[in-house]
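Reader: I'm new to reading structures, so please take me through this one step by step. Let's start with how the helices pack, and please explain the jargon as we go.

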Amino acid sequence: MENKSSLLVGPDDKVGLVESGFLGLQHVLAMDIYVPPIILAGMMAMSLPDQMGLLQSTFLAAGIGTILQTYFFMKMPVSQGPSFVPLGAAAGVVLASGGVKGNGMGNLIGALLIGSIILIIMGATGVFQKIISKLVPALVGGTIITCVGLSLIPSALNDNIFKASGNINNNIILASITALTLLIAVGISMHFPGVRRFFRTGSIILALAVGTIVSTMMGIFDWKTVSNAAWFSLPQRTVFHYGIHFSASAIITFIIIYAVITTETTGTWFAMGAVTNHEISKKQWNMGIIGEGFSCLIASLLGTTPVTGYSTNAGIISITGVASKRVFLFAGIWFAVLGFFSKLSAFLAAIPAPVIGGVFAIICVTIMLNGLNVIRNLHTTDRDLYIIGLPIILTLALVLLPASVTKQAPQLLQYLLGSPIAIAAVSAILLNLLMPKVKEAVSKTEIA
C-alpha cells in the first residue's frame, strides 16, 4: 500500500470552501467525461440539440452520482463518469429500434434501468461483497490496478496526441509543454516546502491552464464554439422526452455490459483504496455497488449512458496528494453546474485533446505504479508471477489488437475485447483460482 504520508490531505480532512472548489474543478478538468457522449452522438447521427442534451445529461448524472457515492453510499472519494464500454452497444440498440427519432432511446433507457436495478439488488443482498472477498485477494486487486493504468496509457498517447485532429507535430509540442508544466509544478513542490501545498495540489490545473494559453497562441483552441454557446439551458433530452420501452434483446445485452462495467469499477475502487491507504470494508463494497446502481439509474432517467467510478481520479490523488471527500463533493457540484451552464461545458469540450493527453498520460502511469506498489508489498511465489504477468500481456494484446479483428468477432466477444480491464480482471481471478498453490519447503537450517 502507498505510504499514508504521501497524502497532503486525507479523505476526512477538512479543506476550506474556496480551496475545495478550486481543487474540485481540477478533477473536472482532468476528466474528459465529455468525450464518450460526443462519440456516442456521432455514432447515432444525433442532431445538434440532441447532442447538447446528451452532453448536459451526462454532466448532470456524473455530478449527482459523484455526490451520492462520496457522501451517502461508498463514502470514499469517488468520482463518477461515463464509461466507454457501453457506447457500441448503446448505438446498436438505438439504431436497431428506429434511431433517436424512433423508439431507440426509449429501448436503451429501459435496458439501462433494468441493469441498474440488478446492481442495487446485488449490493442490498450482500452478494457483491461475497464475490469480491472470494475472488479478489490483494494479489489480484494489485494486478487489476496495474492493468487499469496500463490500459489507459495508449489511449492517452494515441487518441489524445498522435491520432488527435490537427498537425501531429503541434500536438506533440502542446502535450509536451502541458506535461512539462505538470512536472515542474510537482518538482517545485518537492524542493520548496513553503509553497509545496499550492504547487502540488494545483499542479494539474496549472498544467491545463498553460496548455490552454499555449494552444490559443498556436491558434488551436476553438474560442468560437465557446462564444456561440448559450449561457444557460435546462437538459431537454431526458426520459420525459424519449419515454421508456422494454426490449428483451436490449435488456440481455446490457446485463452483459453491466457485468463488464462492474469488473472495471472494481479495479477503480481497488486503485482508489491503494492511493488513499484504505482497505475497503465489506459494507463499503456493498454500499458502493448500490451507489453505482443508483448512479446508473439516474443516468438512464436523464437519457444518457451509465456513469461509473472513474479510474483517472486515483492518479490525480497520487499527483496532488489531495483525497478530501469535500473536494470530490465540489467536483460533483461542478459537474452538475456544467449540466445547466452550456458555455462552461462548451469551454471544457473545446480544450484541445493534446492538452488533456499531456496530463492524462502521467495520471495513467501513477495508477499503474500504485498497482505495482500493492504487489511489491506482498510475498510472491512462482505461481504469482503468472497471475500478475499474463493479465498484463492480455491488457497490452487487447490494446494493440487491430479493430478489424474485433469487428469480425461475435457481438458478446466484441464487448469483452473492447474492455482490456475486464479481460485482465477475469484472467487474474481465474488464474488465482486455477493455478495450484504449492507450500514452500522449509529447510532444516530454518527449523534449527
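**Helices, loops and buried spots**

Reader: How do the axes of helix α7 (residues 138-162) and helix α19 (residues 382-400) lie, roughly parallel or roughly perpendicular?

Author: The axes of these two helices come within 9 Å and cross at roughly 20 degrees. Angles under 35 degrees count as roughly parallel, over 145 as roughly antiparallel, 65 to 115 as roughly perpendicular, and anything else as oblique. So α7 and α19 are roughly parallel.

Reader: Hang on, what counts as a helix or an axis here, and where do the numbers come from?

Author: This is a predicted model, where local features need pLDDT of at least 70 and side-chain atom pairs count only at pLDDT 80 or more, while totals for chains, interfaces and linings use all residues. Residues are numbered from 1 along each chain as its sequence is written, and side-chain values use heavy atoms, leaving out hydrogens and water. Helices (H or I, at least four residues) and strands (E, at least two) are DSSP runs numbered from the N terminus. Axes are lines fitted to C-alpha atoms, for helices over the stretch in contact, with angles from 0 to 180 degrees between N-to-C directions.

Reader: Which residues of α19 meet α7, and how do the residues of that contact divide by class?

Author: Contact just means heavy atoms within 4.5 Å. On the α7 side you have L139, T143, T146, C147, L150, S151 and P154, and they meet D384, I387, I388, P391, I392, T395, L396 and V399 in α19. By class (Ala, Val, Leu, Ile, Met, Phe, Trp, Tyr, Cys and Pro are nonpolar; Asp, Glu, Lys and Arg are charged; the others, Gly among them, are polar), the contact has 10 nonpolar, 4 polar and 1 charged.

Reader: C147 is a cysteine, so how many disulfides does the structure hold?

Author: A disulfide is a pair of cysteine sulfur atoms within 2.5 Å. For C147, the closest cysteine sulfur is in C364, and at 13 Å that is too far for a bond. The count of disulfides in the structure is 0.

Reader: Is C147 buried or exposed?

Author: Buried means under 20% relative accessible area, exposed over 50%, and partly exposed in between (1.4 Å probe, protein chains only). C296 has 2% relative accessibility, so C296 is buried. C147 has 0%, so C147 is also buried.

Reader: Next pair: what is the orientation of helix α1 (residues 17-30) to helix α10 (residues 203-217)?

Author: Their axes come within 9 Å and cross at roughly 60 degrees. Therefore, α1 and α10 are oblique.

Reader: And which hand does that crossing have, left or right?

Author: Picture one helix in front of the other: if the near one is turned anticlockwise from the far one by less than a right angle, the crossing is left-handed, and if clockwise, right-handed. α10 has another partner, helix α8 (residues 168-191), with axes 8 Å apart at an angle of about 150 degrees, and α8 passes α10 in a right-handed crossing. The crossing of α1 and α10, though, is left-handed.

Reader: Which α10 residues do F22, L25, Q26, L29 and A30 of α1 meet?

Author: Q26 is one to look at in α1: at 1% relative accessibility, Q26 is buried. Q26 touches T201, G202, S203, I204, I205 and T320, leaving aside residues up to four places away in sequence. Taken together, the five α1 residues meet S203, I204, I205 and L208.

Reader: How far apart in space are Q26 and V327?

Author: Along the sequence, Q26 and V327 are 301 residues apart. From C-alpha to C-alpha, the gap in space is 9.5 Å.

Reader: Now the loops: what is the phi of K75?

Author: Most residues other than glycine have a negative phi. K75 sits in the loop between α3 (48-71) and β1 (80-82) and is partly exposed at 48% relative accessibility. K75 is not a glycine, yet its phi is positive, at about 55 degrees.

Reader: In which loop is N277 found?

Author: N277 is another non-glycine with a positive phi of about 55 degrees. At 33% relative accessibility, N277 is partly exposed. Look for N277 in the loop between α13 (248-275) and α14 (282-301).
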